[in-house]
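Biologist: Could you take me on a close look at one part of this protein, the last helix beside the ligand, and then show me what surrounds it? I would like one connected account that I can follow with the model open.

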Amino acid sequence: MSAYDLVVIGTGPGGYVCAIRAAQLGLKTAVVEKRKTLGGTCLNIGCIPSKALLHASELYEEAGHGFEAMGIKVGKPKLDLAAMMAFKDEGVDGNVKGVEFLMKKNKIDVHVGTGRIAAPGKVEVTGEAGTTTLETKAIVVATGSEVAPLKGVAIDETRIVSSTGALALPKVPKKLLVVGAGVIGLELGSVWRRLGAEVEVVEFLDRIVPGIDLDVARQFQRILQKQGFAFRLSTKVTGIDKSGARLKATVEPAAGGEPVVIDCDVALIAIGRVPYTDGLGLDAVGVALDPRGRVITDAHFATNVPGIYAIGDVIAGPMLAHKAEDEGVAVAEILAGKAGHVNYGVIPGVVYTTPELATVGRTEEDLKAAGIAYNVGKFPFTANGRAKVNRTTDGFVKVLADAKTDRVLGVHILGPDAGNMIAEAALAMEFGASSEDIARTCHAHPTLTEAVKEAALAVEKRALHM
Ligand SMILES: Cc1cc2nc3c(=O)[nH]c(=O)nc-3n(C[C@H](O)[C@H](O)[C@H](O)COP(=O)(O)OP(=O)(O)OC[C@H]3O[C@@H](n4cnc5c(N)ncnc54)[C@H](O)[C@@H]3O)c2cc1C
């Protein structure tokens with residue numbers, strides 16, 4: 001008889017949430033984690049520490065530039081970077097301890113060590129005390145992702161850093177070069193710019209934040225430039241020389257051409273993340289991967305080997321914590337005989353810069369490519385009373401609705417607190433709402449959310465405050 005109904009390998013947001021849901025449904029569950037603390041990339045070196053630094057650095061900048069206009073005189077704020085890092089570490093610690101508590105509360109066994117699938121139904125765990133074998137009916141692989149390497153550039157996590165090193169720099173670099181204008185590069189670039197670094201971003205594509213609605217991305221770039229970000233688009237980094245006191249990065253046009261050398265103190269390599277399956281033994285048991293190294297799963301998260309499932313960053317789809325969580329819940333429900341499901345059309349994505357950028361659903365580019373006729377409603381924060389009084393008027397809300405049915409197909413918010421506001425749009429889309437449904441919903445005044453209602457009204461060209 002199997003000791004467990006389910007063994008989950010990896011305790012990121014995918015793995016630990018899957019384990020909790022399985023335990024709630026009565027499955028005897030264990031997790032395996034090779035890191036010393038639970039919570040995966042997200043809690044230890046991802047979402048949580050980056051948001052702690054974004055929060056602290058935003059307040060630091062606000063204290064230096066925004067307080068006086070509101071009649072608050074505090075003098076020039078002084079940065080104590082070590083204390084700011086301690087604040088971040090404390091936040092991480094509180095969160096990882098929270099996951100430990102949840103494992104205990106739900107009677108989930110935690111096995112510390114590296115998990116390897118010896119065979120379907122058998123997970124070998126190698127930890128400090130040696131190797132043990134867990135017998136189980138089902139295995140969920142939730143081993144996440146790691147930093148994508150840049151060819152010819154070795155990350156040392158001191159001067160040439162990944163996001164992990166960029167979350168723990170001991171001093172503010174005079175100049176930070178960010179390679180990659182995606183979410184992580186722009187968030188961590190924002191942290192260090194606010195703390196005093198000159199930030200230049202090099203991006204291979206001719207635009208920033210690939211995948212985001214282009215109109216929104218262009219406006220976002222203009223706002224970031226106003227804040228002091230410099231961008232070199234359609235440019236690739238071909239090497240970084242670290243022999244001197246400063247780094248020398250060689251860049252050239254993406255299409256080929258004359259190289260240029262950029263001096264900097266720290267280079268952040270943020271060109272993406274790749275699935276992590278090292279040491280899992282997937283080859284030996286015959287679990288199939290796609291050409292990008294992602295575990296191939298069907299609609300029920302099952303791999304090609306019976307009894308082995310996979311979720312989160314290690315499979316296809318957006319590499320986001322909440323996507324991993326929802327997959328964790330769905331696969332646990334499926335294993336317990338219920339109808340678990342994830343609606344991939346309604347997964348919000350947020351860039352936690354100032355202003356924030358939050359999106360859900362389809363972009364204009366998507367809709368054009370699919371030949372779907374749509375109407376656009378846009379409303380700027382300059383016309384929203386709360387944003388005006390708070391002096392946070394950068395950005396707008398954009399609602400895309402089906403031209404025939406008025407069903408909301410996508411919502412894009414560039415503006416203050418966009419990450420919280422996108423929840424309304426996600427809920428509306430999950431319920432199949434029309435733009436008229438949002439427009440007829442009473443929104444409290446004065447709130448930023450009125451901009452969402454106004455953008456929905458604007459779909460039929462009847463915004464009230466514009
Ligand atoms: C700097 C940064 C900021 C981010 N910010 C956000 C954000 O704001 N919002 C958001 O939604 N997403 C964010 N992400 C992405 C998010 O962290 C990931 O999408 C999420 O962590 C994926 O969850 P997961 O459970 O699939 O895997 P992970 O969180 O990567 O967890 C996998 C776990 O598996 C363990 N593991 C791997 N192999 C084994 C093995 N063989 N045996 C035992 N254990 C193993 C690893 O140690 C790890 O703990 C950010 C990422 C980074 C790097």
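Modeller: In helix 9 of this predicted model, the buried residues are Ala-321, Lys-323, Ala-324, Glu-327, Gly-328, Ala-330, Val-331, Ala-332, Glu-333 and Ile-334. The cover over these buried residues includes helix 1, helix 2, helix 3, strand 6 (130-141) and strand 17 (308-310). An α-helix has 3.6 residues a turn, so residues three or four places apart point the same way. The length of helix 9 can be checked too: with 15 residues at 1.5 Å a residue, the expected span is 21 Å, and because its end C-alpha atoms are 21 Å apart, the two agree. After helix 9 comes Gly-337, with a positive phi near 85°.

Now to the ligand. Helix 9 (321-335) is one of the elements that give two or more residues to the shell around the ligand, together with helix 1 (13-24), strand 2 (29-33), helix 2 (40-45), helix 3 (47-65) and strand 4 (114-119). The biggest share comes from helix 2, which gives 4 residues. There are 39 residues around the ligand, and those that come nearest are Glu-33, Thr-41, Lys-51, Gly-115 and Ala-321. Ala-321 has also appeared above, among the buried residues of helix 9. Sorted by class, the shell holds 15 nonpolar, 18 polar and 6 charged residues.

Which protein atoms lie close to the ligand's oxygen atoms? The side chain of Glu-33 has an N or O atom 2.7 Å from an oxygen atom of the ligand. For Lys-51, an N or O atom of the side chain is likewise 2.7 Å from a ligand oxygen. Pro-13 takes part through its backbone, where an N or O atom lies 3.4 Å from an oxygen atom of the ligand. On its own the ligand would expose 1000 Å², and the protein buries 95% of that.

Two of the helices that cover helix 9 are worth a visit. In helix 3 you will find Ser-57, which counts as buried because its relative accessible area is 0%. Beyond its neighbours within four places in sequence, Ser-57 is in contact with Met-84, Val-191, Arg-194 and Leu-195. In helix 1 you will find Gln-24, whose side chain is joined to that of Arg-21 by a polar contact of 2.9 Å. Gln-24 and Gly-385 are 361 residues apart along the chain, and their C-alpha atoms are separated by 45 Å.

Strand 17, also part of the cover over helix 9, leads to the loop before it. Thr-303 sits in that loop, between helix 8 (282-285) and strand 17. Is Thr-303 buried or exposed? At a relative accessible area of 9%, Thr-303 is buried, because the cut-off is under 20%. Its side chain reaches the backbone oxygen of Ile-308 at 2.8 Å, and a polar atom of that side chain lies 3.1 Å from the backbone nitrogen of Val-305. Not counting residues up to four places away in sequence, Thr-303 touches Val-287, Val-295, Ile-296, Thr-297, Ile-308, Tyr-309 and Ala-310.

The loop between helix 8 and strand 17 also holds Phe-301. Phe-301 is not a glycine, yet its phi is positive, about 65°. With a relative accessible area of 3%, Phe-301 is buried. Lys-461 also has a positive phi without being a glycine, near 55°. Lys-461 lies in the segment after helix 14 and is exposed, at 74% relative accessibility. As background, most residues other than glycine have a negative phi, and most peptide bonds are trans.

That brings us to the cis peptide bonds. The bond from Thr-354 to Pro-355 is cis, with omega near -10°, and Pro-355 lies in the loop between strand 18 (349-351) and strand 19 (356-361). The bond from His-445 to Pro-446 is cis as well, with omega near -5°, and Pro-446 belongs to the loop between helix 13 (435-439) and helix 14 (450-459).

One last stop is Thr-250, in strand 13 (residues 247-253). Thr-250 is partly exposed, with a relative accessible area of 25%. Its contacts, leaving out residues up to four places away in sequence, are Lys-236, Val-237, Thr-238, Gly-239, Pro-259, Val-260 and Val-261.

Conventions:
Residues are numbered from 1 along each chain as its sequence is written. This is a predicted model: local features need pLDDT of at least 70, side-chain atom pairs count only at pLDDT 80 or more; totals for chains, interfaces and linings use all residues. Side-chain values use heavy atoms; hydrogens and water are left out. A residue is near a molecule or strand if one of its heavy atoms lies within 4 Å of it. A polar contact is a pair of N or O atoms within 3.5 Å; within protein, one must be able to donate a hydrogen and the other to accept it, and residues adjacent in sequence count only if both atoms are side-chain atoms. Accessible areas come from the Shrake-Rupley method with a 1.4 Å probe; for residues, only the protein chains shown count as cover. Ala, Val, Leu, Ile, Met, Phe, Trp, Tyr, Cys and Pro count as nonpolar, Asp, Glu, Lys and Arg as charged, and the others, Gly among them, as polar. The expected span of a helix is 1.5 Å times one less than its number of residues. Buried means under 20% relative accessible area, exposed over 50%, partly exposed in between (1.4 Å probe, protein chains only). Contact means heavy atoms within 4.5 Å.
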